[in-house]
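User: I'm new to reading protein structures. Could you walk me through one, feature by feature?

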Amino acid sequence: MSTTEIQSPTGAPYAAILGIGSYRPERLVPNSEVVEAIDSSDEWIQQRSGIKTRRWAGPEESVQMMSVEASRRALAHAGLDARQIDAVVVATVSHMLQTPAIATAIAHELGTDQAAAFDISAACAGFCHGVAMANDMVRGGSAGHVLVIGVERLTDILDLYDRGTAFIFADGAGAAVVGPSETPGIGPVVWGSDGEQFDLIRQREDWRDVIASGEPVMPHLMMQGNSVFRWASFAMAKIAQQALDRAGITLDDLDVFVPHQANMRIIDAMARSMKLPARVKIARDVADMGNTSAASVPLALDRMIQEGDAKSGDTALLVAFGAGLAYAAQVVTVP
Ligand code: UT7
């Protein structure tokens, strides 16, 4: 056994979200623009999902561009310079190169000093996974400040003729700066996965099968919506309660609830099942943003801050779930 003593990293006593920023694509797409291809109606979509419009990215609004814009706003909100960022963690499923990680290009364009940069794949739960990792990185000493980005350009993998997905998914980016804090600003994460339900939301075919088929058509995103709906409405309320318990708080201490923006009926079902008091403000960004997967939680929280529904110092509960099925929840202090 070696007798050499290795220094162990030491970080800040606590971490918190210091700033939030987001980017919404210019183009608003009302239900009327998507219904024809899927033989649907504005009424059905609103009734089943609560979605009225969504935003779809234009050619210039790439994963990188939207991420950089959201990040600049998050840095400005935190009052920090990009050179103070030690690590960039990007949660996405719609960066279209297998390698390298888009985080490296984003870190470079932002002007970080060669920050560590990598992507994570946890679908709609990706941002909450990233916040959990950043919390541990800052407290563990592997980074002073971490930029966590949730970004999607799902229209690149969306089948506009698929009734189960075409009206739901959309594009956008949200970012948070996580850094040291005098008091705990991010509670323990409650996270997990149910791989038995791997096939419920997935890329339809393996790339190799697409090429072998001789008809190289984009392997789109597919979802067995109703099964996911039933799972999320019940299982996620329990995960949300566990996140409160692990943070040592009760519903009485909660000011803001920011669930993944998948479907207004899931949001309402979770709130009912959790017995959320009426005074707790609930994020309802899905109505005009659709489901932006990894971007949905930071987009929704940023909007609540902008519109005065979430105030600095408020206590917020974040809960996200999606393909995998992967999920994560934590309590945070609003920056
Ligand atoms: O972000 C990752 C996590 N994702 C989610 O959490 C999504 C969860 N799922 C959902 O949001 C919902 O399942 C949907 C909004 C996707 C669908 O709503 P639903 O209430 O689960 O509808 P359904 O699939 O059970 O279909 C109900 C009916 C069916 O007709 P019948 O069999 O009752 O006659 C469908 O054929 O609605 C029909 N239908 C449609 N009608 C008009 C299915 N899709 C459509 C459509 N337009 N686009």
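Analyst: Sure, let's go from the domains to their interface, then to the ligand and the salt bridges. Keep in mind that this is a predicted model.

User: Okay, domains to start with. Which residues belong to each domain?

Analyst: Domain 1 covers 14–181, and domain 2 covers 190–333. Their C-alpha centres are 14 Å apart. As for who takes part in the contact, 50 residues come from domain 1 and 42 residues from domain 2.

User: How do I read the size of an interface like that?

Analyst: People often quote the accessible area lost when the parts come together. Here, domain 1 and domain 2 bury about 3,500 Å² between them, and 65% of that is on carbon and sulfur atoms.

User: Which three residues of domain 1 supply more of its buried area than any other three?

Analyst: Those are Arg24, Cys124 and Cys128, which together supply 19% of the area domain 1 buries against domain 2.

User: And what about charges and polar groups across the interface?

Analyst: For charges, look for salt bridges, and count a pair when a side-chain nitrogen of Lys or Arg is within 4 Å of a carboxyl oxygen of Asp or Glu. Between domain 1 and domain 2 there are two salt bridges. You can check that cut-off on arginine 24 and aspartate 285, whose side chains meet in a salt bridge at 3.1 Å, N to O. Polar contacts are counted too: 17 residue pairs make them across the interface.

User: Which element gives the most residues to domain 1's side?

Analyst: That's H4, with six residues. Other elements giving two or more include strand S1 (14–23), helix H1 (42–49) and strand S7 (171–181). By type, the domain 1 side has 26 nonpolar, 14 polar and ten charged residues.

User: Now the ligand. Which residues come nearest?

Analyst: There are 22 residues around the ligand, and Ser40, Asn226, His260, Asn263 and Asn291 come nearest. Try checking distances from polar side-chain atoms to ligand oxygen atoms. For asparagine 263 the distance is 2.7 Å, for asparagine 226 it is 2.8 Å, and for arginine 48 it is 2.9 Å.

User: Last one: how many salt bridges are there in the whole structure?

Analyst: The search finds 14. One to look up joins arginine 284 and aspartate 268, at 2.9 Å from N to O. This pair links distant parts of the chain, 16 residues apart: arginine 284 sits in the loop between strand S12 (281–282) and helix H8 (286–289), while aspartate 268 is in helix H7 (residues 264–274).

Terms used:
Residues numbered from 1 in each chain as written. Predicted model: local features only at pLDDT ≥ 70, side-chain atom pairs only at ≥ 80, totals over all residues. Heavy atoms only, no water. Domains from an automatic or database assignment. Contact = heavy atoms within 4.5 Å. Buried area = accessible area lost by both parts, 1.4 Å probe. Polar contact = N/O pair within 3.5 Å; in protein donor to acceptor, adjacent residues only side chain to side chain. Helix = DSSP H or I, 4+ residues; strand = E, 2+ residues; numbered from the N terminus. Nonpolar A, V, L, I, M, F, W, Y, C, P; charged D, E, K, R; others polar. Near = heavy atom within 4 Å.
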